[in-house]
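Dear colleague,

I am passing on a structure that you have not worked with before. Please have it open while you read the notes below.

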Number of protein chains: 2
Amino acid sequence: MTVKRHIVTVIGLGVIGGSYAMSLKKNGYTVYGADCDEETVRKAKERGIVDDAATSADPFIPLSDIVVIALYPKQVEGELGRIRRLLKEGAIVTDVAGIKSHFTEKIIALMPENTDFVFAHPMAGREKKGIDYADDAVFKGANFIITPSEKNKQSSIDAIEKLAREMGFRNVMKLTPAQHDKIISFVSQLPHALAVALVNSDDRQFDTPRFVGDSYRDLTRIANINESLWSELFLGNKQNLLSSIKEFEKCLDVIKEAIENEDKETLEKEFVKATKRRTEFNKEL
Amino acid sequence: MTVKRHIVTVIGLGVIGGSYAMSLKKNGYTVYGADCDEETVRKAKERGIVDDAATSADPFIPLSDIVVIALYPKQVEGELGRIRRLLKEGAIVTDVAGIKSHFTEKIIALMPENTDFVFAHPMAGREKKGIDYADDAVFKGANFIITPSEKNKQSSIDAIEKLAREMGFRNVMKLTPAQHDKIISFVSQLPHALAVALVNSDDRQFDTPRFVGDSYRDLTRIANINESLWSELFLGNKQNLLSSIKEFEKCLDVIKEAIENEDKETLEKEFVKATKRRTEFNKEL
């Protein structure tokens, strides 16, 4: 049986943390927020995204059944170190980090007895950063990944899965941290690398925006990228991302060579393969 | 002074031809359609997309002020050869092909005296093919390129520009065929090559659709690709597309090497550059 949990503290009220707070409050939780930026704290309170907020989470932690650390991956360990002594018995802590393997063991080692850390990655976001762009609508129908640890109680995993579903996520998948980081390097980090390289390879001989169609618009939307967060994500998943880039390059080489050799048959074969995969993909979603 | 032109024949009632017909009819033109597929002809008439249609354009050509050849690039020359003797004095012929240099001279040479061919590329479309997916809404706010030839009368260019604006296109740009093919290799063909390579590089160790976010969805939408048309477009623009792919690869290499060297500074620099360009781009559109 899952114990009903009432009080949540969200640390970091950016796009993701702000959207968590917004959604959880609508779902009837008491939501406290913390952010190092005073202006963000003021906005969160003014807009009713939280029941209360402050620049430090300390007063809220001892009251909280669930604590969401919605900070950059590198900040999670430090923040947990600061608040761990304040966690109440039975508290669940969760994160939103886009990479997992690099800190999983360290985080687990920090957790006091009778508390539980459930690693989570909400696969939704926006190109913009900050509370002004928080919007729980982005969670609707999106994917959510949990990377359970051996220490996790089933009830804690269930509680975070329930939270995800309440916020509107559709698929809640469970992977090991290693599996998570591998697939994320392909479905998320590689597309960002391609979008950035595409925009940066523009020789800008012409006024590009006047000549684009939907394809260029779609492929470059995510080239508008938070450089601090994404350089951290890329470097924190180095080997997987390099492999994904190399696999991509092999497939691009097939196309390139087919063009060089005027090999229409191979081109068509590659296009049919991609179309088949992308069409199946549409059906599944 | 542009002479008002009333009667248009659209040859090829696929996604683009069908959308042209639909839009021009709404704009008060008398629209005739031709398509080699009987079922398409029947649907076009039944749905009122055209005033009349047949499997041959022959009966309509002598009546038409404007003829739109909405066929694949390779078919344009042959179709024009067939209908050229039927064109009325002063008729304007236009196309919708996504590559221009390869046939411009041959097409111009085919045109009878007192007729004019205005090369055009509507930068809009859909992944699906056929009249069922024709929808003039895709033209709204889209870009339209005309590649004027030395033989063109200004009044003919103006007439096609007017047609484009009536159909909802926003920017109507003029380029030489060489310029057109160069920029198209970057803004349209390269993104399609990347989307196909991305989807095909999936090792499918996991059930990909369950782990994707918006980024992968956006970057792969156009991997659903018409293989006959796009292999023709790629091979018909070989040198430009190969250059665009090579420039892209250089920029991807910068990112790859930065990851290998754990060079956060370079990564951030590339991300900031891409963000700046993509943001300017949003403003302009």
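What follows is a short account of what was found, going from the arrangement of the chains to a few of their elements.

Please keep in mind throughout that this is a predicted model. Chain A can be laid on chain B with an RMSD of 0.0 Å by a turn of 180°, with a shift of 0.0 Å along the axis, and that is the relation of a two-fold axis. Of the interface residues of chain A, 100% are also interface residues in chain B, so the copies meet through the same surface.

In chain A, I would draw your attention to strand β6, residues 116-123, which is mostly covered, with eight of its eight residues buried. Asp116(A), Val118(A), Ala120(A) and Pro122(A) point one way from β6(A), while Phe117(A), Phe119(A), His121(A) and Met123(A) point the other way, and all are buried. In a regular strand, the side chains alternate between the two faces of the sheet. Strand β5 (residues 92-95) of chain A pairs with β6(A) in the parallel sense over three bridges, and Ile92(A) has Asp116(A) as its bridge partner in β6(A). Between these two strands the chain passes from β5(A) through helix α4 (residues 104-110) of chain A to β6(A), a β-α-β crossover that is right-handed. With strand β7 (residues 143-147) of chain A, by contrast, β6(A) pairs in the antiparallel sense over five bridges, and here the bridge partner of Met123(A) in β7(A) is Asn143(A).

Turning to chain B, helix α1 (residues 15-26) has twelve residues and reaches 17 Å from its first C-alpha to its last, close to the 16 Å expected at 1.5 Å a residue. This helix, α1(B), is mostly covered, since ten of its twelve residues are buried, among them Val15(B), Tyr20(B) and Leu24(B). The cover over the buried residues of α1(B) includes the chain B strands β1 (7-11), β2 (30-34) and β4 (66-69), together with α5 (154-166) of that chain. After α1(B) comes Gly28(B), whose phi is positive, near 95°.

A last residue to look at is His180(B), which lies in helix α6 (residues 177-200) of chain B. Is His180(B) buried or exposed? At 0% relative accessibility, His180(B) counts as buried, because the cut-off for that word is under 20%. The side chains of His180(B) and Asp181(B) are joined by a polar contact of 2.8 Å. Leaving aside residues up to four places away in sequence, His180(B) touches Gly98(B), Ile99(B), Lys100(B), His121(B), Ile145(B), Thr147(B) and Leu175(B).

With best wishes

Definitions and conventions
Residues are numbered from 1 along each chain as its sequence is written. Chains are lettered from A and ligands numbered from 1 in the order in which they are written. This is a predicted model: local features need pLDDT of at least 70, side-chain atom pairs count only at pLDDT 80 or more; totals for chains, interfaces and linings use all residues. Side-chain values use heavy atoms; hydrogens and water are left out. Helices (H or I, at least four residues) and strands (E, at least two) are DSSP runs, numbered from the N terminus. The expected span of a helix is 1.5 Å times one less than its number of residues. Buried means under 20% relative accessible area, exposed over 50%, partly exposed in between (1.4 Å probe, protein chains only). Contact means heavy atoms within 4.5 Å. Copies are superposed by least squares on the C-alpha atoms of residues with pLDDT of at least 70 in both. Two strands pair if DSSP finds at least two bridges between them. A crossover is right-handed if, with the strands pointing away from the viewer, the path from the first strand over the helix to the second runs clockwise. A polar contact is a pair of N or O atoms within 3.5 Å; within protein, one must be able to donate a hydrogen and the other to accept it, and residues adjacent in sequence count only if both atoms are side-chain atoms.
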